[in-house]
Amino acid sequence: MLTDASVVPADLPLTLAEAGAGRPVLILHGGGGPATVAGLAQHLSRIAHTVTPVHPGWDGTHRPAWLTGIDDLALVYLHALRERELSDVLVVGSSLGGWTAAEMAVRDSEGRITGLVLIDAVGVEVESEPITDFFALDPRGVAEHSWHDSDRYYLDPADVPSEELARRRTNMATMRVLAGDPYMHNRELLRRLGHIQAPALLLWGESDRIVTPAYGAAYADAFGNGRLEVIPEAGHLPQIEQPEATFALIDAHLRRTSNSGRTRAPAHVTAVMDRPRTRH
């Protein structure tokens with residue numbers, strides 16, 4: 001387990017894609033993997049400098065033995081922001097990625113993060129609104145809990161290629177390691193959120209049954225500067241079911257929270273970072 005973002009071991013080569021120019025936006029996927037934020041990353045790359053990692057252990061990437069919790073992941077990404085000299089960063093996280101974003105903000109002693117967007121995030125304990133046990137659901141149950149239009153997005157496992165099923169099983173195994181015990185939350189996080197002054201926008205699908213809008217409301221209320229927006233006709237992944245409404249809210253938050261007086265990275269650094277590429 002890590003305790004300091006300045007001492008990330010060298011055995012963690014991050015896989016990430018960068019594109020666009022402008023304010024840095026770190027985009028963190030949830031348990032479903034990078035594909036769940038691909039459309040969002042493509043959209044934001046038109047107006048910002050996007051950095052979109054694959055969490056270690058997802059999609060065949062390496063997860064070192066010491067990376068065993070979301071707090072470790074948060075410190076890894078804070079280290080990545082420091083290494084790339086990025087400031088005035090908007091962190092956008094979906095589900096598990098939203099939890100990671102919140103843990104990053106709690107630990108951001110350098111003030112690099114100036115805005116947060118949490119999309120149907122897990123990560124806190126709300127006694128009146130327990131998080132659905134995703135691991136206990138069958139494929140039909142996953143669809144019914146995750147989507148507003150479950151019939152449209154349900155995939156019969158019999159119709160899924162064996163390679164894709166194997167990828168999903170590996171991703172779920174990694175998620176169990178990072179977030180299985182305690183299940184999908186940090187018992188201390190809710191009380192710590194009040195110390196975060198970076199404006200936090202929490203976007204919630206009205207039909208989410210993994211974490212309900214009431215859970216989202218309690219999450220938003222715990223931030224020092226939090227706001228909840230509920231998106232109609234969407235479930236756990238509104239960026240997929242209702243992209244136009246979701247993107248519009250994120251775009252507005254990107255503009256609203258920008259620190260126009262930030263210190264920019266040196267020109268030669270910016271020129272390198274702005275080239276679209278994938279790093280391994």
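The paragraphs below go through the cores, a helix, some backbone exceptions and the empty spaces of this predicted model.

The interior is a convenient place to begin. The largest nonpolar core has 55 residues, and within this core M104, L116, Y219 and F223 touch the most other members. Helix α2, which spans residues 70-83, contributes nine residues, the largest share of this core. Around M104, once residues up to four places away in sequence are set aside, the residues touched are L26, L28, A74, Y77, L78, L81, V91 and I113.

There is also a second core, separate from the other, with 18 residues; I27, L44, L203 and A234 are among them. I27 sits in strand β2, residues 24-28. Its relative accessibility is 0%, so I27 counts as buried. Outside the stretch of four places on either side in sequence, I27 is in contact with V37, L40, A41, L44, T50, V51, T52, P53 and V92. The C-alpha atoms of I27 and L90 are separated by 8.5 Å, although the two residues are 63 residues apart along the chain.

Helix α8 comes next. In this helix, residues 213-222, the buried residues are Y215, G216, Y219, A220 and A222. These residues lie on the same side of α8, because they cover an arc of only 160° around the axis. An α-helix has 3.6 residues a turn, so residues three or four places apart point the same way. The cover over the buried residues of α8 includes the helices α3 (96-107) and α7 (189-192), together with the strands β5 (113-119), β6 (200-205) and β7 (226-231). Y219, one of the buried residues of α8, is also one of the residues that touch the most other members of the largest nonpolar core.

Another helix, α6, holds N171. With a relative accessibility of 2%, N171 counts as buried. Apart from neighbours within four places in sequence, the contacts of N171 are G31, G57, W58 and D59.

The backbone has a few exceptions to the usual pattern. Most residues other than glycine have a negative phi, and most peptide bonds are trans. The peptide bond from D181 to P182, however, is cis, with omega near -5°. P182 belongs to the loop between α6 (162-179) and α7. M184 is placed in the loop between α6 and α7 as well. M184 is not a glycine, yet its phi is positive, at about 55°. A relative accessible area of 5% makes M184 buried. S95 also departs from the pattern: its phi is near 55°, a positive value in a residue other than glycine. This serine lies in the loop between β4 (89-94) and α3. S95 is buried, with a relative accessible area of 10%.

The remaining topic is empty space. Rolling a probe the size of a water molecule over the atoms shows where empty space is left. How many cavities of 30 Å³ or more does the structure hold? There are two of them. The second largest cavity has a volume of about 50 Å³, and its lining consists of L16, L26, V51, P53, Y77, A80, L81, R84 and L86. Both β3 (49-54) and α2 supply at least two residues each to this lining, and α2 gives the most, with three residues. By class, the lining of the second largest cavity has eight nonpolar residues, one charged residue and no polar ones. Some of these lining residues also appear among the residues that M104 touches, including L26, Y77 and L81.

The largest pocket has a volume of about 1200 Å³. Its lining is made up of 40 residues, and G32, F134, V142, R168 and M172 lie nearest its centre. The elements giving two or more residues to this lining are α4 (139-146) and α6. Which element gives the largest share of the lining of the largest pocket? That share, nine residues, comes from α6. By class, the lining of the largest pocket has 24 nonpolar, nine polar and seven charged residues.

Technical notes:
Residues are numbered from 1 along each chain as its sequence is written. This is a predicted model: local features need pLDDT of at least 70, side-chain atom pairs count only at pLDDT 80 or more; totals for chains, interfaces and linings use all residues. Side-chain values use heavy atoms; hydrogens and water are left out. Buried means under 20% relative accessible area, exposed over 50%, partly exposed in between (1.4 Å probe, protein chains only). Helices (H or I, at least four residues) and strands (E, at least two) are DSSP runs, numbered from the N terminus. The arc is that of the directions from the helix axis to the C-beta atoms. Contact means heavy atoms within 4.5 Å. A nonpolar core is a set of buried Ala, Val, Leu, Ile, Met, Phe, Trp, Tyr and Cys residues joined through side-chain atoms within 4.5 Å. On a 1 Å grid over the protein atoms alone, a cavity is a set of points where a 1.4 Å probe fits but cannot get out, and a pocket is an open set with protein on both sides within 12 Å along at least five of seven lines; lining residues have an atom within 4 Å of a point. Grid points are joined across faces, edges and corners, and a volume is the space filled by probe spheres set on the points. Ala, Val, Leu, Ile, Met, Phe, Trp, Tyr, Cys and Pro count as nonpolar, Asp, Glu, Lys and Arg as charged, and the others, Gly among them, as polar.
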